[in-house]
Amino acid sequence: MHDRLAMTLQDDLTERISQTGAKGVLIDISSLEMVDSFIGRMLGNIAAMSRVMDAETVVVGMQPAVAITLVELGLSLHGVRTALNVEKGMELLRTTISAYDRSGIDAGS
Amino acid sequence: MSLIATILKQHEAEILNEWLRDMGESTRRTDLISDAALKEQAKRFLRLFQEAAQGNNLADVNGPHWSAVRDMLTDISGSRAQQGFSPGETAMFVFSLKKPLFAQLRRNLAKDTDGLADETWAVTQLLDKLGLYTTEVYQRTRNEIIVRQQQEMLELSTPVIKLWEGILAVPLIGTLDSARTQVVMEALLQQIVSTGSGVAIIDITGVPTVDTLTAQHLLKTVTAARLMGADCIISGIRPQIAQTIVHLGVALGEVVTKASLADAFAQALKRTGQTVVKLGGQ
């Protein structure tokens, strides 16, 4: 995944979130075999942008080699939730989103 | 054909018998090799030696003429190392050939003292080089064994165990340096993927001391696991370790720590939505 693609992803994603009013974003990086610091920061940025637009982000399918590279680069991606695969990621999104909804209702009443 | 090659061809059986007899006096090791096997080895060596010596190039042991002899010596050296021979005993196999060869040379060159001295010197040099070659091969084999064992020790000392459905345990034993951390990380992440586990318990009961570097390595492992979607719990924090961590000001951040593996396991069960129930008494 090269830099321009990552920037395009950023634009497209924020656009889609606003169009569809999505509450959750699942980013599947299982076919990403290598990352560099740019991609790492990109992922963090995308998660932050989505949160600003009231959508939770979960990154799934990270390969062991990629995880080790990110750790060595010092990019721990704080604030980015992760899950092992798409199923677990969807479950995590579901529980997170419903928790927020509930807390919203409680705060309202 | 060189003189020594001719002598070997004409008196092969005689030289073989004398050689085997002389070998018996030094280091025969009948406990490690049978007489028949030893005779086979000696015979094969003599034959290859004779063929190589025909080439008249007695000085260059590393050349192509002597490659068959070198290969055979590599074979013997390797197998003897595994059988338990000392390198000296293996080298003696070659050196003990000197006596019968010199005896034959003396018989052949009785009238020619200069020629005898030259030939003796040439043969001595040759056999010395071949004998030393066996010790070099021996050393190389031992080194390979050591390297392989080191690798095995590294792998053995970092097992990743499946404690329960979705729960992994990594009992760390010994010091945690950067090399081991790498091995632990790779093994743990691989297991997280293959078992689909959501929780990993890293037990450091067997880690003698935790300094800032060790703590860094631990945190790296925890972060890597988290990136893959698995939570980590560090257990086995001994009282001394707890004191050291606070004194050093090591920032554990949000990492959950428990004193014992049992507590960590209970926590892990809770996190995966499970619990242990005692069956009603009958």
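The following legends describe close-up views of a predicted model with chains A and B.

**Figure 1. Overall make-up of chain A.**
Chain A contains four helices and three strands. Along the sequence these elements succeed one another in the pattern α-β-α-β-α-β-α. Of the 109 residues in chain A, 29% count as buried. Among the contacts in this chain between residues at least 6 apart in sequence, 81% link residues that are at least 24 apart.

**Figure 2. The three-stranded sheet of chain A.**
The three strands form an open sheet in the order 1-2-3, and their pairing is parallel. Strand 1 and strand 3 of chain A are the edge strands; each has a single partner strand, so one side of each lacks a neighbour in the sheet. From one strand to the next, the twist averages 30°.

**Figure 3. Strand 2 of chain A and its two partners.**
Strand 2 of chain A covers residues 56-60, and four of its five residues are buried, so the strand is largely enclosed by the rest of the structure. With strand 1 (residues 24-28) of chain A, strand 2 pairs in the parallel sense over five bridges. In this pairing, Asp28(A) has Val60(A) of strand 2 as its bridge partner. With strand 3 of chain A, strand 2 again pairs in the parallel sense, here over three bridges. Val58(A) stands opposite Arg81(A) of strand 3, and Val60(A) stands opposite Ala83(A) of strand 3. Val60(A) is thus matched with Asp28(A) and with Ala83(A).

**Figure 4. The β-α-β units of chain A.**
Strand 1, helix 2 (residues 37-52) and strand 2 of chain A make up a right-handed β-α-β unit. Strand 2, helix 3 and strand 3 of chain A also make up a right-handed β-α-β unit. Strand 2 of chain A therefore belongs to both units, and it is the strand described as largely enclosed, because four of its five residues are buried.

**Figure 5. Packing of helix 1 against helix 2 in chain A.**
Helix 1 (residues 3-20) and helix 2 of chain A pack at an angle of about 10°, and their axes are 11 Å apart. The two helices are therefore roughly parallel to each other. Helix 1 contributes Asp3(A), Ala6(A), Gln10(A), Leu13(A), Thr14(A) and Ile17(A) to the contact. From helix 2, the residues that meet them are Phe38(A), Ile39(A), Met42(A), Asn45(A), Ile46(A), Met49(A) and Ser50(A). The residues of this contact comprise eight nonpolar, four polar and one charged.

**Figure 6. The side of chain A that touches chain B.**
In the contact between the chains, 13 residues of chain A meet 15 residues of chain B. Helix 3 (64-72) and strand 3 (81-83) are the elements of chain A that give two or more residues to this side. The largest share, five residues, is supplied by helix 3 of chain A. By type, the residues of chain A on this side divide into 10 nonpolar, two polar and one charged.

**Figure 7. The five-stranded sheet of chain B.**
In chain B, five strands form an open sheet in the order 1-2-3-4-5, with mixed pairing. The edge strands are strand 1 (161-164) and strand 5 (256-257) of chain B, each of which pairs on one side only. Strand 2 (residues 167-173) and strand 3 (residues 199-206) of chain B pair in the parallel sense over six bridges. In this pairing, Ile167(B) stands opposite Val199(B) of strand 3. Helix 8 (residues 178-195) of chain B packs on the sheet and touches strand 1, strand 2 and strand 3 of chain B. The direction of helix 8 makes about 165° with that of strand 2 of chain B.

**Figure 8. Strand 4 of chain B and its surroundings.**
Strand 4 of chain B covers residues 231-235; four of its five residues are buried, so it is largely enclosed by the rest of the structure. Strand 3 and strand 4 of chain B run parallel and are joined by five bridges. Ala200(B) stands opposite Cys232(B) of strand 4. Between these two strands, the chain passes through helix 9 (residues 212-227) of chain B in a right-handed β-α-β crossover. Strand 4 and strand 5 of chain B also run parallel, joined by two bridges. Ile234(B) has Thr257(B) of strand 5 as its bridge partner. From strand 4 to strand 5 the chain crosses through helix 10 (residues 239-248) of chain B, and this β-α-β crossover is right-handed.

Terms used: Residues are numbered from 1 along each chain as its sequence is written. Chains are lettered from A and ligands numbered from 1 in the order in which they are written. This is a predicted model: local features need pLDDT of at least 70, side-chain atom pairs count only at pLDDT 80 or more; totals for chains, interfaces and linings use all residues. Two residues are in contact if their C-beta atoms, placed from the backbone, lie within 7 Å. Ala, Val, Leu, Ile, Met, Phe, Trp, Tyr, Cys and Pro count as nonpolar, Asp, Glu, Lys and Arg as charged, and the others, Gly among them, as polar. A residue is buried if 20 or more other C-beta atoms lie within 10 Å of its own, exposed if 12 or fewer, and partly exposed in between; C-beta atoms are placed from the backbone. Two strands pair if DSSP finds at least two bridges between them. A crossover is right-handed if, with the strands pointing away from the viewer, the path from the first strand over the helix to the second runs clockwise. Axes are lines fitted to C-alpha atoms, for helices over the stretch in contact, and angles run from 0 to 180 degrees between N-to-C directions. Angles under 35 degrees count as roughly parallel, over 145 as roughly antiparallel, 65 to 115 as roughly perpendicular and the rest as oblique.
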